[in-house]
Amino acid sequence: MVKSCDASLYLDTANGLESEKETPRNFGMRNFKYIETIKQALEKECPNTVSCADIVALSARDGLLWLGGPIRIEMKTGRKDSKETYFSEVEKYLPNHNDSMSSVLSRFQSIGIDTEGTVALLGAHSVGRVHCVNLVHRLYPTVDPTIDPDYAKYLKGRCTSPNPDPEAVLYSRFDRETTMILDNIYYKNILNKKGLLIVDQELVTDPNTSPFVVKMAADNNYFHQQFARAMLILSENNPLIGDQGEIRKVCRYVNSA
């Protein structure tokens, strides 16, 4: 989403570059070490050949299979890695979970993903979890009326304070039924007022997105098809080619001159 599918997110703060990992919008991002493990193995077998950007895109694709998602997506390769970070521009490109649905749709449309595709990509919230830091504003001092009362009670049991410690392991899962399966339970949950984030619940209330929510809740294959279509577009967002980028030797740092 941020300018290009170019692995800029993976760069650490060093040599005058400020890491995108440290922006509030990327709070909770972790386990970058696995991309580095893959990179090390590839550099050993075929040095200076596979970019970190390609590793990220293909890992996301293959991760979907492990999560029971769409059938194999045929992705192009040949992306180059960025030589810079976009720390100051992350907020401009990445939607916020508190944004209006029109704003979220606009940001995705700016890179060629339509409303149907955006609704599908938000279905990634079928897996994973949310830190209480990003939940408590819906629970305290009063409960957001768009949340099912029983679900709100459960969430307050997970997030017991209106001021959670961001360093503590305090979270709730998006989907408590099929926690590590990418399926359409997410859409069934938000139709039942069990969306974790404001953006999840807005999918149901916005007239532009609600018909797609209903359709995806009823048809898991349709959800997977639309998810695969949108993810392919996302993976091809403004790729760097030729001298625009490089193939990093280590994903956390640009190559030395």
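Helices (H or I, at least four residues) and strands (E, at least two) are DSSP runs, numbered from the N terminus. With that in hand, let's start the tour. This is a predicted model, in which local features need pLDDT of at least 70 and side-chain atom pairs count only at pLDDT 80 or more, while totals for chains, interfaces and linings use all residues. Residues are numbered from 1 along each chain as its sequence is written, and side-chain values use heavy atoms, with hydrogens and water left out.

**Stop one: Val2 and Ser8**

Select Val2, in the segment before α1 (33–45). Val2 is buried, with a relative accessible area of 8%; buried means under 20% relative accessible area, exposed over 50%, and partly exposed in between (1.4 Å probe, protein chains only). Now show what surrounds Val2. Contact means heavy atoms within 4.5 Å, and, setting aside neighbours within four places in sequence, Val2 has contacts with Glu20, Tyr86, Val90, Tyr93 and Leu94.

Next, pick Ser8, also found in the segment before α1. Ser8 is buried too, with a relative accessible area of 4%. Not counting residues up to four places away in sequence, Ser8 touches Glu20, Ser82, Glu84, Thr85, Tyr86 and Arg248.

Now add Asp6 and Glu20 to your selection: an unreviewed UniProt entry lists Val2, Asp6, Ser8 and Glu20 under "binding site". They span 19 residues in sequence, yet no two of their C-alpha atoms are more than 12.6 Å apart, so they gather at one spot. A note on that record: UniProt positions are given in the numbering used here, feature names are shortened, and annotations may be inferred rather than shown by experiment.

**Stop two: Asp54**

Move to Asp54, which sits in helix α2. At 5% relative accessibility, Asp54 counts as buried. Leaving out neighbours within four places in sequence, its contacts are Lys76, Thr77, Gly78 and Arg79. Zoom in on the last of these: the side chains of Asp54 and Arg79 are joined by a polar contact of 2.6 Å. A polar contact is a pair of N or O atoms within 3.5 Å; within protein, one must be able to donate a hydrogen and the other to accept it, and residues adjacent in sequence count only if both atoms are side-chain atoms.

Before you leave, draw a line from Asp54 to Cys5: they are 49 residues apart in sequence and 8.6 Å apart in space, C-alpha to C-alpha.

**Stop three: the cysteines**

How many disulfides are there? Taking a disulfide as a pair of cysteine sulfur atoms within 2.5 Å, the count comes to two.

Select Cys52 and Cys251, whose sulfur atoms are 2.1 Å apart in a disulfide. Cys52 lies in helix α2 (residues 52–66) and Cys251 in the segment after α10 (220–235), so the pair ties together parts that are 199 residues apart in sequence. Both Cys52 and Cys251 are buried.

Then go to Cys132 and Cys159, a disulfide with its sulfur atoms 2.0 Å apart. Cys132 is in the loop between β1 (129–131) and α6 (149–158), and Cys159 in the loop between α6 and β2 (171–173), so this pair links parts that are 27 residues apart in sequence. The torsion about the S-S bond of Cys132 and Cys159 is about -80°, so the disulfide is left-handed.

Finish with Cys5. Why is there no bond to Cys52? The sulfur of Cys5 is 12 Å from the closest cysteine sulfur, in Cys52, which is too far for a bond.
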